[in-house]
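Work through the following exercises with the sequence and the model side by side. Each task is followed by a solution that goes step by step.

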Amino acid sequence: MEKHILDFTASFPINRRPLVGFKKSGLPPTDSPTQTRQRPEIEIEIEIEKEKERLEMEKAIDRQMVLLRHLQPSPAVQPAILSTEVCAADANAATCQGSSSGDDVVIVAACRTPICKSRKGGFKDTYPDDLLAPVLKALLDKTQLHPNEVRDIVVGTVLAPGSQRAIECRMAAFYAGFPDTVPIRTVNRQCSSGLQAVADVAAYIKAGFYDIGIGAGLESMSTDPVKWDWPHNPKALMFAQARDCLLPMGITSENVAHQYGITREEQDQAAVESHRKAAAANAAGKFKEEIVPVVTKIVDPNSGESKQVIITTDDGIRPDTSMSVLTKLKPAFTKDGTTTAGNSSQISDGAGAVLLMRREIAMKKKLPIVGVFRSFVAVGVDPSVMGVGPAVAIPAAVEAAGLQLNDIDLFEINEAFASQYVYCCKKLGLDPEKVNVNGGAMALGHPLGATGARSVSTLLYEMKRRGSRFGVISMCIGSGMGAAAVFESGYD
């Protein structure tokens with residue numbers, strides 16, 4: 001800009017001698033012989049100032065335009081919270097999967113612990129940090145990546161006090177072999193926390209903040225049970241939606257069933273199918289590739305004696321679950337309700353982790369690309385029927401990826417409650433053969449903060465087995481939200 005000002009002023013024949021004899025009006029004397037031949041110097045200075053102001057305004061406008069360009073989507077992409085790949089909306093959606101880019105955010109490894117019943121399962125005496133450490137270490141072992149190359153670890157977790165859990169996660173990273181130069185943080189978006197952690201890392205990589213990161217999830221519901229005895233602001237009772245944020249999740253399940261006509265029979269049948277599919281997948285060894293065995297201890301509650309054990313399988317699956325068994329269970333939340341312990345997700349302990357990086361980095365390191373992160377969307381819904389979240393979030397995430405629902409080969413929808421799971425599948429018209437093909441949270445369990453990360457490994461390994469192209473992970477979120485992410489199978 002300074003050069004422009006110099007060029008601008010050089011065009012004027014300024015008399016460099018000092019100006020004298022100005023009247024109080026600020027104008028030069030009319031009888032000055034020099035002013036009859038050239039412009040007054042004060043006028044030139046005024047024009048210079050105006051030119052400076054004009055240039056400053058142009059710079060401000062340029063800055064505004066840059067910001068607007070960042071805020072506006074490209075012509076080929078629908079507005080989205082995060083969309084890491086562009087596909088023309090009017091093109092055959094199946095063609096966009098071939099447009100790989102070195103800037104893609106890819107997944108090179110994903111794993112999880114077994115999921116165990118809280119307070120009485122395999123991890124009832126396991127510290128939370130001892131759940132997270134094995135999956136973090138497994139990512140390094142699978143890829144032979146040097147731990148100091150990871151630029152950040154983000155862990156989704158819900159129930160523990162924030163600072164306490166953040167410290168436990170930091171400790172777990174040290175157990176796993178990460179140096180103190182690798183930072184770690186936690187994120188809490190209720191039941192979608194694990195998926196949010198993966199999305200956060202993907203967003204950071206896409207933004208260019210770093211090239212390699214880990215998104216993980218952790219919950220020990222044995223250590224940190226769900227509590228509803230915390231004090232709340234009395235003002236919440238004056239606002240219907242704020243009050244509904246305080247509803248127990250089981251009541252929101254009853255609300256969904258009542259409002260949308262989901263019967264007890266439909267809910268029980270969904271639970272039977274979840275256990276049947278999970279039992280079949282477990283028997284076929286489908287979970288072995290994604291599960292990291294955990295060495296821990298079991299304490300005998302009577303004698304207090306502990307013994308070392310290796311937990312290798314999910315322990316919440318009940319192969320003998322049947323309609324005759326489930327129909328005998330009483331409603332768990334209201335006297336005449338339809339939500340029972342049998343058609344709700346299990347309270348569980350577990351952890352999962354996903355290693356993400358920029359595609360060009362993965363290719364340089366010759367690492368297998370098991371999946372590509374395509375889009376993520378979080379939405380808000382009525383807190384009183386929070387379970388409907390996936391029915392809103394899934395279409396938004398699919399659209400953000402430039403796809404349509406019929407382009408999706410597999411869905412992993414968290415079964416927080418059978419009522420909301422059945423409703424979402426019916427609302428979206430999903431093919432039952434594509435949804436939770438290896439069972440869901442009613443059979444496997446729902447360790448809140450870990451479920452999203454667990455679902456990533458389950459989905460990607462199943463996509464690999466089936467040769468599927470696109471998959472979706474989604475869940476409802478307490479206080480009235482939903483989240484969904486679209487993944488594409490890996491390719492070279």
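## Exercise 1: an aromatic pair across the chain

Y260 is partly exposed, having a relative accessible area of 32%, where partly exposed lies between buried (under 20% relative accessible area) and exposed (over 50%), computed with a 1.4 Å probe on protein chains only. This is a predicted model, in which local features need pLDDT of at least 70 and side-chain atom pairs count only at pLDDT 80 or more, while totals for chains, interfaces and linings use all residues. Residues are numbered from 1 along each chain as its sequence is written, and side-chain values use heavy atoms, with hydrogens and water left out.

Task: Classify the pair formed by the rings of Y260 and Y423, and state which elements of the chain the pair links.

Solution. Begin with the rule: rings of Phe, Tyr and Trp (its six-membered ring) pair if their centres lie within 6.5 Å, and planes under 30 degrees apart count as stacked, over 60 as edge-to-face and the rest as tilted. By this rule the count comes to five aromatic pairs. For Y260 and Y423 the ring centres are 4.3 Å apart and the planes stand at 35 degrees, so the pair is tilted. The pair joins distant parts of the chain, since Y260 belongs to helix α7 (residues 249–260) and Y423 to helix α12 (residues 418–428), 163 residues apart; helices (H or I, at least four residues) and strands (E, at least two) are DSSP runs, numbered from the N terminus. Finally, Y423 counts as buried at 12% relative accessibility.

## Exercise 2: a second pair

Task: Decide whether the pair of F333 and F417 is stacked or edge-to-face.

Solution. The ring centres of F333 and F417 are 6.3 Å apart with 80 degrees between the planes, and the pair is edge-to-face. Next, place the partners: F333 is in the loop between α9 (323–326) and β9 (348–358), whereas F417 is in the loop between β11 (410–413) and α12, 84 residues apart. As to accessibility, F333 is partly exposed at 38%, while F417 is buried at 9%.

## Exercise 3: the surroundings of T143

Task: Locate T143, and work out what covers the buried residues of its helix.

Solution. T143 is in helix α3 (residues 128–143), and its relative accessible area of 9% makes it buried. Apart from neighbours within four places in sequence, T143 is in contact (heavy atoms within 4.5 Å) with V108, A109, L355 and L367. Turning to the helix as a whole, its buried residues include L132, L136 and L139, and what covers the buried residues of α3 includes β2 (105–112), β4 (153–156), α4 (162–175), β6 (212–220) and β9. After α3 comes Q144, whose phi is positive, near 60 degrees.

## Exercise 4: cysteines and confidence

Task: Explain why C191 has no bond to the closest cysteine sulfur, and name a stretch where pLDDT stays under 50.

Solution. A disulfide is a pair of cysteine sulfur atoms within 2.5 Å. The closest cysteine sulfur to that of C191 is in C476, 6.1 Å away, which is too far for a bond. A search of the whole structure likewise finds zero disulfides. C191 counts as buried at 14% relative accessibility, as does C116 at 1%. For confidence, pLDDT (the predictor's confidence in each residue, from 0 to 100) averages 87 over the chain, and 80% of the residues score at least 70. One stretch where pLDDT stays under 50 is residues 1–37, for which the model has 39 contacts beyond four places in sequence.
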